[in-house]
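Here is a colleague's note to read beside the model. Keep the viewer open and look up each residue as it comes up.

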Amino acid sequence: MATPILALKGAANPTIQALLLSSARRWRQAGRSVVGVVEVPLPGGAGHRLEDLATGAQYEIYQELGPGSGACRLCGSGIVAACETLCRQIAAGCDLVVISKFGKLESTRSGLIAAFAAAIEAEKPILTAVAPSFMETWQHFAGSLASFAAPDEEAIEAWRSGQR
C-alpha cells in the first residue's frame, strides 16, 4: 500500500496548485468524496485565495499592507477559517483530503496544520505540496507517513490507486 500522504515538489507553486485542483476535480467527478483547500489566483493575478474544494467558498490568505511594507502579508483569519471548515469536513467523512501546501505557517504549527493532523488521525489519504525551504520541518512532522513525487498526474494517480 502507498504511503498515506503524497507530497508534491519540484515545480512552481502555481503549477502544483493547478495540479492539486485538477486531481481533486477529477476524483470528485469519479464519485470520490474529496475535501480540501487549494490556492487559486485572484483575477488579474494580484494574489491568491484558498478555495474550498467541497463548497467552492474562497478564503482570503493575504492582506494589503500598503506600499513599501516589508511585513508578512499572510492573513491569519482567512487561513484559520479555512482550516476550521476543513477539519469539520474531515470529521464528517471523506475519501481523500487535498491540502494546498505545508509552508511557513505550518512549519510553526499554525496555518493548516490542524487539518493535516485531523486527516492523519482520521486515517484519510492526503495529497499536498511542500515548500522547498520547509522540507526539514516537513520530514520531522510527517516522517514515514509521507512520500514525495514530482507534480505529475500519473504519479498522483498511482498513489491514489494504492490507497485503500
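1. Start with Glu 123, which sits in the loop between α4 and β6. This is a predicted model, so treat every value here as computed from it. Glu 123 has a positive phi of about 60 degrees, yet it is not a glycine. Most residues other than glycine have a negative phi. Glu 123 is also exposed, with a relative accessible area of 56%. The cut-off for exposed is over 50%.

2. Now look for what lies across from Glu 123 in space. Pro 4 is 119 residues away from Glu 123 in sequence. In space, the two C-alpha atoms are 7.7 Å apart.

3. Lys 124 is in the loop between α4 and β6 as well. Is Lys 124 buried or partly exposed? Its relative accessibility is 23%, and buried means under 20%. Lys 124 therefore counts as partly exposed. Set aside the neighbours within four places in sequence, and Lys 124 is in contact with Pro 4, Cys 94, Val 97 and Ala 119. Asp 95 is 29 residues from Lys 124 in sequence. Their C-alpha atoms are 6.5 Å apart.

4. Another positive phi belongs to Arg 109, at near 65 degrees. Arg 109 is not a glycine either. Find it in the loop between α3 (residues 104–107) and α4. With a relative accessible area of 44%, Arg 109 is partly exposed. Compare Gly 143, just after α5, which takes a positive phi of about 55 degrees.

5. Step back to the whole chain. It holds 6 helices and 7 strands. Along the sequence, the pattern reads β-α-β-β-β-α-β-α-α-β-α-β-α. The chain has 164 residues, and 42% of them count as buried. How many contacts join residues at least 24 apart? Among contacts between residues at least 6 apart in sequence, the share is 65%.

6. Helix α2 (residues 76–92) offers a single case to check. Ile 79 is found in this helix. Its relative accessibility is 6%, so Ile 79 counts as buried. Leu 105 is 26 residues from Ile 79 in sequence, and their C-alpha atoms are 9.6 Å apart.

7. Next, take helix α5 (residues 135–142). Which of its residues are buried? They include Met 135, Trp 138 and Ala 142. Look down the axis of α5: the buried residues fall within an arc of 55 degrees, so they line one face of the helix. Turn to the face away from the buried side, and you meet the exposed residues Glu 136 and His 140. The buried residues of α5 are covered by several elements, including β1 (5–8), α4 (113–121), β6 (126–129) and β7 (146–149).

8. Helix α6 can be read in a similar way. Here Ile 156, Trp 159 and Arg 160 are buried. These residues cover an arc of only 100 degrees around the axis, which puts them on the same side of α6. On the face turned away from the buried side are the exposed residues Glu 154 and Ser 161. The buried residues of α6 pack against β1, α1, β5 (96–99) and β6.

9. Finish with one helix pair. Two packed helices are described by the angle between their axes and the distance between the axes. For α1 (residues 13–29) and α6 (residues 153–161), the angle is about 45 degrees and the axes are 11 Å apart. That angle makes α1 oblique to α6. The crossing of α1 and α6 is right-handed.

10. Last, check who makes that contact. From α1 come Leu 19, Ser 22, Ser 23, Arg 26 and Trp 27. From α6 come Glu 153, Ile 156, Glu 157, Trp 159 and Arg 160. What kinds of residue are in the contact of α1 with α6? They divide into 4 nonpolar, 2 polar and 4 charged. Recall that Ile 156, Trp 159 and Arg 160 are buried in α6.

Key
Residues numbered from 1 in each chain as written. Predicted model: local features only at pLDDT ≥ 70, side-chain atom pairs only at ≥ 80, totals over all residues. Heavy atoms only, no water. Axes fitted to C-alpha atoms, helices over the stretch in contact; angles between N-to-C directions. Helix = DSSP H or I, 4+ residues; strand = E, 2+ residues; numbered from the N terminus. Parallel < 35°, antiparallel > 145°, perpendicular 65-115°, else oblique. Left-handed = near helix turned anticlockwise from the far one by under 90°. Contact = heavy atoms within 4.5 Å. Nonpolar A, V, L, I, M, F, W, Y, C, P; charged D, E, K, R; others polar. Buried < 20%, exposed > 50% of the residue type's maximum accessible area, 1.4 Å probe, protein only. Arc of directions from axis to C-beta.
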